[in-house]
Amino acid sequence: MDYCCCSPTVMQSHASCTTTSRNLNHVGFLAHSFCRSNPLKSRVSFDFRCIISRFSHFDRKLFESRVRRHGFRFRRGGVLRVCAMDDDFSSLDDWGDNNNRPFEFMYSSSDDSDGEIMLQPITDIDLPTPKERMHTSEDSITVTAHRLATLGRTRTKRKTVYGIMNNVGLVVFSTFILFLVDQCAWRIVRLPLAPFHLMRPFLISVLLVSCVGYICVPLFRILKLRAIARREAPSQHSPKKGTPTMGGLYFIPIGLIVAQFVLNFASAEVSGAVLSTIAFAAIGLLDDILSINNNNVGLPGWMRVLLEVAVGMWFSYWLYTTNITTPYSMKRVVPLPAPLGLVSIGKFYPVLTSFCFVSMANGINLTDGLDGLAAGTAALAFIGMSIVVLPICSDLSVFGASMAGACVGFLFHNRYRASIFMGDTGALALGGALAAMASCTGMFFPLFISSGIFVLEALSVIVQVSLFKATKYFRRRGYRFFRMAPFHHHLELCGIKEPVIVGAAYVVASVLVIFAAYVGLTSA
């Protein structure tokens, strides 16, 4: 057995260790291992005292922390020691003494010995020496990619924290608004209401949906109900491929059932809203199933719109033929702020109802492109409509609060980074529920105010498509107003992070909800 002593210069040619704090994160060692039959182990140690003496206090602490983080041992006095052993050795406790030798390694000179082994805590490549750093190589590219990947993981953790903060802010705002309305409900309705009229269904739905989600999300994964990334989506969405979808299958029924149980299944208005919500959920379910089985090709656009119009016309007919009590003792009336007051539109009411169903359903479907965006803004829209319809039909306000709680409970699993998507099943159902609340009470104007985010997303798509087709027809070349539609994709391509976009949408939607509540209460 021979011993060989190397100077720091030789060590530096075999290991990327420099005296600058910029390169302290990568330390490599070269060792020759023994024969597999040799029970002894090889040791590698190096005296860093000559180098550390030139470090500043900050560099020394940084070096020591990174050495320990990569699994090496650093003793006081500046001796870094690494132990390499054969395959049949299973303990790292025997470290022996190095007798203050600067750098040594032991090797076996037999023909049966193993080859060279690089002990590298980060990668399996030999990092470039100072003379080689000026040359481009695959090794340097690999190290750079590793550093960028580590940086990306840190940014992902920060984005996850932002997603949690968005959730907390939304829950606090929703709870405060509903609690405030419950305390002042007698002034709005001028009739006695049950304690916590809106808070009770809201909290029940939040708890049920959030708990059931821990069962349904793994179940949907097992059933392979996975989303397929769209080709036209931004490149940042590629990691979302394979995320479970069709989350509306579990949180929509919970919201509907809670509302019916709280009202003891005794409200005709809520029953009609439930039926329309189920009808739109069925359309979305059919679209989701076709998309999963046909490589993201679902129902044709014209067929889906036709089905939505049919449901809207059916709801208008049901509304006209059913005995629904309203404070105006007349149907097909739209309340508007003063000085307009009550406006009777007669035969145009079914047209307005169908338009409302189609626009709300497709608006939420277009908004469902970022984690938590559609569910959070829909929850705020339901809260706004619950306040607006409270003086006209208090039962529908319970329905809206229950659906808002279902959306908030779904956000526990749909926030950044989402573990499940609502899919068309959830998006179309939420749009049908909002449109049903407005159609039963005539509160179309406050609905479009509280759903301002959905209106903006839909208008961005209309403007983008119209401008492109018009310029292509007249100028032989299509021009786009946005980088990508809907509008939230345009913001993504402008460099704004996904949780920031969602948080800003929550703030805007909260302001719109307060304004819509004021307009609705002054119009009722």
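**Figure 1. Thr441, a buried residue in helix α13.** In this predicted model, Thr441 is tucked away, with a relative accessible area of just 5%. That value puts Thr441 in the buried class, because buried means under 20% relative accessible area. You'll find Thr441 in helix α13. Leaving aside residues up to four places away in sequence, Thr441 touches Val333, Pro335, Val389, Ile392, Cys393 and Leu396.

**Figure 2. Phe251 and the largest nonpolar core.** This core holds 97 residues. Phe251, Phe382, Phe399 and Leu430 are the ones with the most contacts inside it. Helix α11 (residues 373-388) supplies the largest share of the core, 12 residues. Which residues does Phe251 touch, if those up to four places away in sequence are not counted? They are Val209, Ala406, Cys407, Phe410, Met422, Gly426 and Leu430.

**Figure 3. A nonpolar patch on the surface.** Now for the outside of the protein. Trp302, Met303, Leu306 and Leu307 make up this patch, and together they have about 410 Å² of accessible area. Is Leu306 buried or exposed? With 52% relative accessibility, Leu306 counts as exposed, because the exposed class is for values over 50%. Leu306 sits in helix α9, which covers residues 301-321.

**Figure 4. Arg304 and its two acidic partners.** Side chains of opposite charge can pair when their charged atoms come close. Arg304 does this with Asp287, their closest N and O atoms being 2.9 Å apart in a salt bridge. This pair links helix α9, home of Arg304, with helix α8 (residues 268-293), home of Asp287, across 17 residues of sequence. Both Arg304 and Asp287 are buried. Arg304 also forms a salt bridge with Asp424, and here the closest N and O atoms are 3.5 Å apart. That second pair links α9 with α13, and its two residues are 120 residues apart. Arg304 has a relative accessible area of 15%, while Asp424 is at 13%, so Asp424 counts as buried too.

**Figure 5. Glu498 and Lys240, a salt bridge between distant parts of the chain.** The count of salt bridges comes to 4, and this view shows one of them, with the side chains of Glu498 and Lys240 meeting at 2.8 Å, N to O. Why does the pair tie together parts that are 258 residues apart in sequence? Glu498 lies in helix α17, whereas Lys240 is in the loop between α6 (199-222) and α7 (248-262), so the salt bridge spans that stretch of sequence. Both Glu498 and Lys240 are buried.

**Figure 6. Helix α15 and what covers it.** Running from residue 452 to 475, α15 has 24 residues. From first C-alpha to last, α15 reaches 33 Å, close to the 34 Å expected at 1.5 Å a residue. Its buried residues are Gly452, Ile453, Phe454, Glu457, Ala458, Ser460, Gln464 and Thr471. As you look down that list, remember that an α-helix has 3.6 residues a turn, so residues three or four places apart point the same way. The cover over the buried residues of α15 includes α10 (349-367), α11, α13 (423-441), α14 (444-450), α16 (487-493) and α17 (498-523). Right after α15 comes Arg476, with a positive phi near 65°.

**Figure 7. Stepping back to the protein as a backdrop.** The secondary structure comes to 17 helices and 9 strands. Of the 524 residues, 49% count as buried. Carbon and sulfur atoms hold 62% of the accessible surface, which comes to about 26300 Å².

Methods: Residues numbered from 1 in each chain as written. Predicted model: local features only at pLDDT ≥ 70, side-chain atom pairs only at ≥ 80, totals over all residues. Heavy atoms only, no water. Core = buried A, V, L, I, M, F, W, Y, C linked by side-chain atoms within 4.5 Å. Buried < 20%, exposed > 50% of the residue type's maximum accessible area, 1.4 Å probe, protein only. Helix = DSSP H or I, 4+ residues; strand = E, 2+ residues; numbered from the N terminus. Contact = heavy atoms within 4.5 Å. Patch = residues over 30% accessible without salt bridge, like charges linked within 9 Å, V, L, I, M, F, W, Y side chains within 5 Å. Areas by Shrake-Rupley, 256 points an atom, 1.4 Å probe, with all protein chains shown as cover. Expected span 1.5 Å × (residues − 1).
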